[in-house]
Amino acid sequence: MDGSRLARKARFLRWALNFYPPYLGAGVRVRHISADLRMVRVKMVLRWYNRNYVGTQFGGSLYSMVDPFFVLMLMENLGPDYIVWDKAANIEFVSPGRGAVYADFSISQQLVDEIRMRTAEGSKYLPRM
């Protein structure tokens with residue numbers, strides 16, 4: 001996909017995700033998606049509707065905030081000849097979310113090249129990020 005088409009897709013994806021009902025309900029905002037879809041920044045502000053019983057961010061909201069981005073970035077950077085799925089994920093809560101929480105995601109050209117190389121013969125490859 002050429003650069004200008006990918007940039008338009010990045011802008012549309014940011015817009016669409018910011019109006020995606022589960023993200024609206026959780027208070028998640030996609031702040032930035034790079035034109036090459038290799039970097040994403042997401043923010044969730046603590047609000048009355050995403051606060052748990054002890055006054056911090058819901059763990060489920062935090063997880064949903066980060067769930068789709070590596071898959072989306074890899075799908076767009078690998079192209080339509082590749083099938084990309086989440087096989088498993090885990091999250092370690094470092095500290096309670098008492099205010100705005102940010103998450104940054106990035107993938108390198110090296111990772112994209114490695115995936116292409118390891119799957120060139122049709123093999124499945126499960127990178128860990």
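Two strands are said to pair if DSSP finds at least two bridges between them, and strands themselves are DSSP runs of E with at least two residues, just as helices are runs of H or I with at least four, all numbered from the N terminus. With that in hand, we can look at strand β2 (residues 39-44) and strand β3 (residues 101-106), which pair in the antiparallel sense over 6 bridges.

Before I go on, a word on where this comes from: the model is predicted, so that local features need pLDDT of at least 70 and side-chain atom pairs count only at pLDDT 80 or more, while totals for chains, interfaces and linings use all residues. Residues are numbered from 1 along each chain as its sequence is written, and side-chain values use heavy atoms, with hydrogens and water left out.

Let me start with the sheet. On its other pairing, β2 meets strand β1 (residues 28-33), again in the antiparallel sense, over 5 bridges. The result is an open sheet of 3 strands in the order β1-β2-β3, in which β1 and β3 are the edge strands, since each pairs on one side only. Neighbouring strands here are turned by 20° against each other on average, direction ignored, where axes are lines fitted to C-alpha atoms, for helices over the stretch in contact, and angles run from 0 to 180 degrees between N-to-C directions.

If you would like to find the bridges for yourselves, His32 has Arg41 of β2 as its bridge partner, Lys43 stands opposite Tyr102 in β3, and Val40 is partnered by Phe105 of β3. Between β1 and β2 there is a hairpin with 5 residues between the strands, and in that hairpin Leu37 takes a positive phi near 55°.

Which residues of β2 lie on its covered face, and which on its uncovered one? The covered face holds Val40, Val42 and Met44, whereas the uncovered face holds Met39, Arg41 and Lys43. This fits a general pattern: in a regular strand the side chains alternate between the two faces of the sheet.

Now to the helix that I find helpful as a centre for this talk, α4 (residues 69-78). In α4, 7 of the 10 residues are buried, so this helix is largely enclosed by the rest of the structure; buried means under 20% relative accessible area, exposed means over 50%, and partly exposed lies in between, with a 1.4 Å probe and protein chains only. The buried residues are Phe69, Val71, Met73, Leu74, Glu76, Asn77 and Leu78. After α4 comes Gly79, whose phi is positive, near 95°.

How do helices pack against α4? In general, two packed helices are described by the angle between their axes and the distance between the axes. The axes of helix α1 (residues 3-18) and α4 come within 12 Å and cross at roughly 155°. These two helices are therefore roughly antiparallel, a label for angles over 145 degrees, while angles under 35 count as roughly parallel, 65 to 115 as roughly perpendicular and the rest as oblique. Their contact, which means heavy atoms within 4.5 Å, is made by Leu6, Lys9, Leu13 and Leu17 of α1 and by Phe69, Leu72 and Glu76 of α4.

On the other hand, the axes of α4 and helix α5 (residues 109-118) come within 11 Å and cross at roughly 70°, and α4 and α5 are therefore roughly perpendicular to each other. Here the contact is made by Leu74, Asn77 and Leu78 of α4, together with Leu111, Val112, Ile115 and Arg116 of α5.

Let me finish with two small residues. Is Ser61, in helix α3 (residues 59-66), buried or exposed? Ser61 counts as buried, because its relative accessibility is 11%, and, leaving aside its neighbours within four places in sequence, Ser61 is in contact with Ala26, Met44 and Asn50.

Ala26 itself has its place in helix α2 (residues 21-26), and Ala26 counts as buried too, at 7% relative accessibility. Not counting residues up to four places away in sequence, Ala26 touches Met44, Tyr49, Asn50, Ser61 and Ser64. By contrast, Ala26 and Pro80 are 54 residues apart in sequence and 30 Å apart in space, C-alpha to C-alpha.
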